[in-house]
Amino acid sequence: MSSSSTDTSTALQPATELIENRNYIDGSWVDAADEVGLEVIDPATEDVITRVPAAGEPEVDLAVAAARRASGPWSRRPPRERADLLMALADRIDADVAELSRLETLNAGHPIGVVGGEMRSAADRLRFFAGAGRCLEGRAAGEYAAGYTSIIRREAIGVAGLITPWNYPLLTAVTKLAPALAAGNSVVLKPSEQTPLSTLRLAALAADVLPPGVHNVLTGLGSVAGAAIARHADIDLISLTGGTQTGRDVAARAAQTLKRVHLELGGKAPAVVLDDADPAEVARSLRAASFWNAGQDCSAAARVIVTRRAYDDVMAALLSEVGTLHVGPPADPAVEMGPLTHERHRDAVVGFLERAVAAGGRIVAGGGNATGHGYFVEPTVMVDVDHHSEIVQREVFGPVVTVQRADDDGHALQLANDVEYGLGASVFTRDVGVAMDAARRLDFGTVWINDHGAVTAEMPWGGFKQSGHGKERSVYSLEEYTQIKHVMIKLPDSGAS
Ligand code: NDP
């Protein structure tokens, strides 16, 4: 592994002009009630960048009231008008890629050399949903009972509460915002307390594009602001991307008002490598699939499961790729992998590694702190792990890969399915029949063949089992943010047959 120490010459400057401890509510920047607020940290240097509000129930009430006032007029606007505004916001993002990227690098530790792709994807998702929102459909219209005609309307639900995590802050916010707004809902959006800066910047970009109250942003703790959103009586649906336990908490709170819940939760993706796969191709895929964003990706290839004959060659190729990953300060354009995004999470990942070693696991690459400063963890490969052990069964959400040996194809697929998560999986083989059979048998919301991790706005994303339910991206996502109404009309008795 090559790594460089934190170099202040490539450090990014704090965004002092941006955040002044304020929330964005009803089209205005509102001072935080609590003057202390929450510290926002640069994970590469451990320095405090700025402070943001620790919103509580009063701020949530204000934002929800603004969203409620805005929701009727917004939902009644013709889809084309909403689409025009979403397209304008996409243009704003494109024009602001440099600053949004700077903030994501500063606050989330995403390497500056690649982070621009996240911003361009966000703009693309807005454009996709601007168009898709103009094509909403009900499936049937016609006469299903004598003397009546029926039509189906697909309508906005009202006020959407959107709660996002810290791993792809801006992209996840837009992934929820775009379909919610395109379908005619207003939103109250709470980014992670760890990484609020790019989402606040988005609010600033949208301020003179979207009408007041349509798009409100509150920062605060999940256990306070997030919980208040989840249980709020005047929020009609909740969309959360977060950990599986948070999903359970949010669903339980939302149940008090029977609001709709859409959950994008954790994952523990397997990459199943069969005997006939090309080891070099597999290792090249895993370089990105396992270590992109320091493995802080719900679909990261965290479990590599290799059939016996391929094992030695795949291991050699994987270790060679891992050894050349360039880890270092994310402001350095040559860096491929930056730090973990926050201290508590770094400690959690290190804890996983310590317990795995104590349980008999063997680290064959990485395992340490890559720079000695900042929340870095080296890209790590672990073998000799028991299938039922914590390191295999639980989501680590870091640059940690376990490699397991399988007796044959069937055993490999059995190991792949034998976790509580079901978000993403991949299979590597040159045999198309075997690949299609594996795709059918893998119990995951997305299956890649001979690749792992590619996504597009047009295709759905969402988990099975404990990875949640509902879909993001694609036209299926619009179903999460709309409700179906049947209108039945009694026809006059004209006497005609
Ligand atoms: P968390 O579940 O800790 O937090 C997610 C969001 O929920 C944050 O905004 C958090 O606020 C908030 N939150 C936390 N507790 C509560 C609560 N009790 N009630 C309401 N809101 C709450 O997840 P992380 O931020 O740690 O993100 C990582 C997780 O997200 C991983 O498990 C990952 O797999 C999952 N994820 C899933 C994806 C998918 O598409 N399925 C994509 C990306 C990530 P705060 O941060 O302020 O505490």
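Reading the ligand site and a surface patch

A: In this predicted model, a nitrogen atom of the ligand is placed 3.5 Å from an N or O atom in the side chain of glutamate 264.

Q: How much of the ligand's area does the protein bury?
A: The ligand taken alone exposes 890 Å², and the protein buries 87% of that.

Q: Which elements give two or more residues to the shell around the ligand?
A: These elements are α7 (222-231), β10 (237-241) and α8 (244-255), and α8, with four residues, supplies the largest share of the shell.

Q: Which residues come nearest to the ligand, and how does the shell divide by residue character?
A: Of the 31 residues around the ligand, those that come nearest are Thr164, Gly243, Thr246, Cys298 and Glu395, while the shell as a whole divides into 13 nonpolar, 12 polar and six charged residues.

Q: Which atoms of the protein lie at a stated distance from an oxygen atom of the ligand?
A: An N or O atom in the side chain of threonine 246 is 2.5 Å from an oxygen atom of the ligand, and a backbone N or O atom of glycine 220 lies 3.2 Å from an oxygen atom of the ligand.

Q: Which residues form a nonpolar patch on the surface?
A: Ile151, Ile489 and Leu491 form such a patch, and together they have about 210 Å² of accessible area.

Q: Where is leucine 491 found, and why does leucine 491 count as partly exposed?
A: Partly exposed residues lie between the buried limit of 20% and the exposed limit of 50% relative accessible area. Leucine 491, in the segment after β23 (482-490), counts as partly exposed because its relative accessibility is 35%.

Definitions and conventions:
Residues are numbered from 1 along each chain as its sequence is written. This is a predicted model: local features need pLDDT of at least 70, side-chain atom pairs count only at pLDDT 80 or more; totals for chains, interfaces and linings use all residues. Side-chain values use heavy atoms; hydrogens and water are left out. A residue is near a molecule or strand if one of its heavy atoms lies within 4 Å of it. A polar contact is a pair of N or O atoms within 3.5 Å; within protein, one must be able to donate a hydrogen and the other to accept it, and residues adjacent in sequence count only if both atoms are side-chain atoms. Accessible areas come from the Shrake-Rupley method with a 1.4 Å probe; for residues, only the protein chains shown count as cover. Ala, Val, Leu, Ile, Met, Phe, Trp, Tyr, Cys and Pro count as nonpolar, Asp, Glu, Lys and Arg as charged, and the others, Gly among them, as polar. Patches are made of residues with over 30% relative accessible area and no salt bridge: like charges are joined within 9 Å, nonpolar side chains (Val, Leu, Ile, Met, Phe, Trp, Tyr) within 5 Å. A salt bridge is a side-chain nitrogen of Lys or Arg within 4 Å of a carboxyl oxygen of Asp or Glu. Buried means under 20% relative accessible area, exposed over 50%, partly exposed in between (1.4 Å probe, protein chains only).
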